[in-house]
Amino acid sequence: MIAAALRGDTGTDAAFVPPSKHGTQAPLDGAITAVRPGPVSGLDLMRLFPSDDDRAVVVELAREDWQILTSAYAAAAAPDARSADSLWWNWCRMPAGISVHTERPTTVAVMPSVVRMLSEWLDRDLNAQPAGAGARAAMTRVLSRAPREIPGVEAPGADWV
């Protein structure tokens, strides 16, 4: 849902949201923050995006980069990838949130702290431009719509906000 919100608000071809890269709550059963069914408060969204400047950034990619990035993340986050145990960002070993509009994205929305990871996987510095809107505002817009109206998001059940 976060990836769909960021992609929709930034107008990018894709969004990439590693599960360990945002939130203020200590992990509980592998989750750092959860948006539960029912009303969602500003505090719920603050737990997801605690920074005052919660704007995503837009990174330009070469046509082959998206496959490299998603494959590198999946390989490192796999539960049996012992060689990735020492990676500072890899503590929760969960799939990344991904929202894709096209088969070979050339722009991707990420939170600023993710750019370093992408640069390491592509072995080059990446240019990241701040997006206009904040992540909390993007999530508020997504949560205010019915699930069938959100591209790439399946409703978790009848209690959907």
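The following exchange takes up how some descriptions of this predicted model are reached.

Reader: What makes up the secondary structure of the protein, and which pattern does it follow along the sequence?

Author: The secondary structure comes to five helices and five strands, and, read along the sequence, these follow the pattern α-β-α-β-α-β-β-α-β-α. Of the 161 residues in the protein, 43% are buried.

Reader: Why is Ser 51 called partly exposed?

Author: Ser 51 has a relative accessible area of 38%, and a residue counts as buried under 20% and as exposed over 50%, with partly exposed in between. The value of 38% lies between those two cut-offs, and therefore Ser 51 is called partly exposed. Ser 51 is found in the loop between α2 and β2, and its C-alpha atom is separated by 10.0 Å from that of Arg 136, although the two residues are 85 residues apart along the chain.

Reader: How do you know that the buried residues of α5 lie on the same side of the helix?

Author: In α5, which spans residues 135-143, the buried residues are Ala 135, Arg 136, Ala 138, Met 139, Val 142 and Leu 143. They cover an arc of only 160° around the axis, and this is why they are placed on the same side of α5. These buried residues pack against α1 (2-10), α2 (42-48) and β5 (128-134).

Reader: What makes α1 roughly perpendicular to α5?

Author: The axes of α1 and α5 cross at roughly 105° and come within 9 Å. Angles of 65 to 115 degrees count as roughly perpendicular, so the crossing of α1 with α5 earns that description. On the α1 side the contact is made by Ile 2, Ala 5, Leu 6 and Asp 9, and on the α5 side by Ala 135, Ala 138, Met 139, Arg 141 and Val 142. By class, the residues of this contact divide into seven nonpolar, no polar and two charged.

Reader: Why is α3 also described as roughly perpendicular, in its case to α4?

Author: α3 and α4 pack at an angle of about 105°, with their axes 10 Å apart, and because 65 to 115 degrees is the range for roughly perpendicular, α3 is given that description relative to α4. In this contact Asp 65, Ile 68, Leu 69, Ala 72 and Tyr 73 of α3 meet Met 117, Leu 118, Trp 121 and Leu 122 of α4, and the classes come to eight nonpolar, no polar and one charged residues.

Reader: Which residues of α4 are buried, and what covers them?

Author: The buried residues of α4 are Val 115, Met 117, Leu 118, Ser 119 and Leu 122, and what covers them includes β1, β2, α3, β4 and β5. Just after α4, Asp 123 takes a positive phi of about 60°.

Reader: Which residues touch the most other members of the largest nonpolar core, and which elements each supply at least two of its residues?

Author: This core has 18 residues, and those that touch the most other members are Phe 16, Val 59, Leu 61, Val 108, Val 110 and Leu 118. At least two residues each are supplied by β1 (14-17), β2 (55-60), α3 (65-77), β4 (107-110) and α4 (115-122). Leaving aside residues up to four places away in sequence, Val 110 touches Phe 16, Ala 56, Val 57, Val 59, Val 115 and Leu 118. A second, separate core has 17 residues, among them Leu 45, Phe 49, Met 111 and Met 139.

Conventions
Residues numbered from 1 in each chain as written. Predicted model: local features only at pLDDT ≥ 70, side-chain atom pairs only at ≥ 80, totals over all residues. Heavy atoms only, no water. Buried < 20%, exposed > 50% of the residue type's maximum accessible area, 1.4 Å probe, protein only. Helix = DSSP H or I, 4+ residues; strand = E, 2+ residues; numbered from the N terminus. Arc of directions from axis to C-beta. Contact = heavy atoms within 4.5 Å. Core = buried A, V, L, I, M, F, W, Y, C linked by side-chain atoms within 4.5 Å. Axes fitted to C-alpha atoms, helices over the stretch in contact; angles between N-to-C directions. Parallel < 35°, antiparallel > 145°, perpendicular 65-115°, else oblique. Nonpolar A, V, L, I, M, F, W, Y, C, P; charged D, E, K, R; others polar.
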